[in-house]
Amino acid sequence: MKYTKVCTLSDLPDDEGLKVVEGDTAVAVFNVNGKVLATQDRCSHAKWSLSEGGYLDGDVIVCSLHMGKFCAHTGAVKMAPPWKPLKKYPVKVEGEDVFVAFEDGYFEAEQSKSKVMDG
Ligand code: FES
């Protein structure tokens, strides 16, 4: 697995994602209570940038365009209108440095069977 250094821990905002790009792959990196997590940057609903137009509510990524919500840990939809999960990206932290494996994005969460989910 090829990891690319994208930032340092101090670059990560407390309640928002940081957009990092390699080639045509844009990833949002989040610091969720000290755990570094990465998802696709584009909301699965209408391709809004989750790092530039979203924020963290605890471990939930909120997309500010239509207020869809995703689990930052799994990418699962927590609240519609999105119904497709977010792709996750492997992350590693070495000292202060944060690395992302851009070529190894994967879906951890199942696609929602229902377009309306609560919680
Ligand atoms: S674009 Fe994210 S909820 Fe619609």
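Start by selecting residues 4-8, strand β1, together with β10: the two pair in the antiparallel sense over 4 bridges. Strands here are DSSP runs of E with at least two residues, helices are runs of H or I with at least four, and both are numbered from the N terminus. Two strands count as paired if DSSP finds at least two bridges between them. The model is predicted: local features need pLDDT of at least 70, side-chain atom pairs count only at pLDDT 80 or more, and totals for chains, interfaces and linings use all residues. Residues are numbered from 1 along each chain as its sequence is written.

**β10 and its partners**

Stay on this pair and pick Lys5, which stands opposite Phe99 in β10. Then add strand β9, residues 91-94; β9 and β10 also pair in the antiparallel sense, over 4 bridges. Which residue in β10 is the bridge partner of Lys92? Phe99 is that partner. Next, show the turn of the hairpin formed by β9 and β10: 2 residues lie between the strands, and Gly95 in the turn has a positive phi of about 65 degrees. Now colour β10 itself, residues 97-100, by face: Val98 and Val100 are on the covered face, Asp97 and Phe99 on the uncovered one.

**The open sheet**

Move to β2, β3 and β4. These 3 strands form an open sheet in the order β2-β3-β4, with antiparallel pairing. β2 (18-22) and β4 stand at the edges with a single partner strand each, so one side of each has no neighbour in the sheet. Neighbouring strands of this sheet are turned by 30 degrees against each other on average, direction ignored; the axes are lines fitted to C-alpha atoms, for helices over the stretch in contact, and angles run from 0 to 180 degrees between N-to-C directions. Between β2 and β3, which run antiparallel, there are 5 bridges. To see one residue pair, select Leu18 and its bridge partner in β3, Val29.

**The nonpolar core**

Select Val27, Val29, Phe30, Ala38 and Val100: of the 21 residues in the largest nonpolar core, these touch the most other members. Such a core is a set of buried Ala, Val, Leu, Ile, Met, Phe, Trp, Tyr and Cys residues joined through C-beta atoms within 7 Å. A residue is buried with 20 or more other C-beta atoms within 10 Å of its own, exposed with 12 or fewer, and partly exposed in between, with C-beta atoms placed from the backbone. β3, β4, β6 (60-63) and β10 are the elements that give two or more residues to this core. β3 gives the most, with 4 residues.

Centre on Ala38. Its contacts, leaving aside neighbours within four places in sequence, are Val27, Ala28, Val29, Lys88, Tyr89, Val91 and Val100. A contact requires C-beta atoms, placed from the backbone, within 7 Å.

**Loops**

In the loop between β3 (25-32) and β4 (35-40), select Asn33. Asn33 counts as exposed because it has 10 C-beta neighbours inside 10 Å. Add Tyr3, which is 30 residues from Asn33 in sequence and 23 Å away in space, C-alpha to C-alpha.

Lys47 lies in the loop between β4 and β5 (54-57). Phi of Lys47 is near 65 degrees, a positive value in a residue other than glycine. Met67, in the loop between β6 and β7 (69-71), is not a glycine either and has a positive phi of about 65 degrees.

End at Pro81, in the loop between β8 (77-79) and β9. The peptide bond from Ala80 to Pro81 is cis, with omega near 25 degrees.

Note on methods
Two residues are in contact if their C-beta atoms, placed from the backbone, lie within 7 Å.
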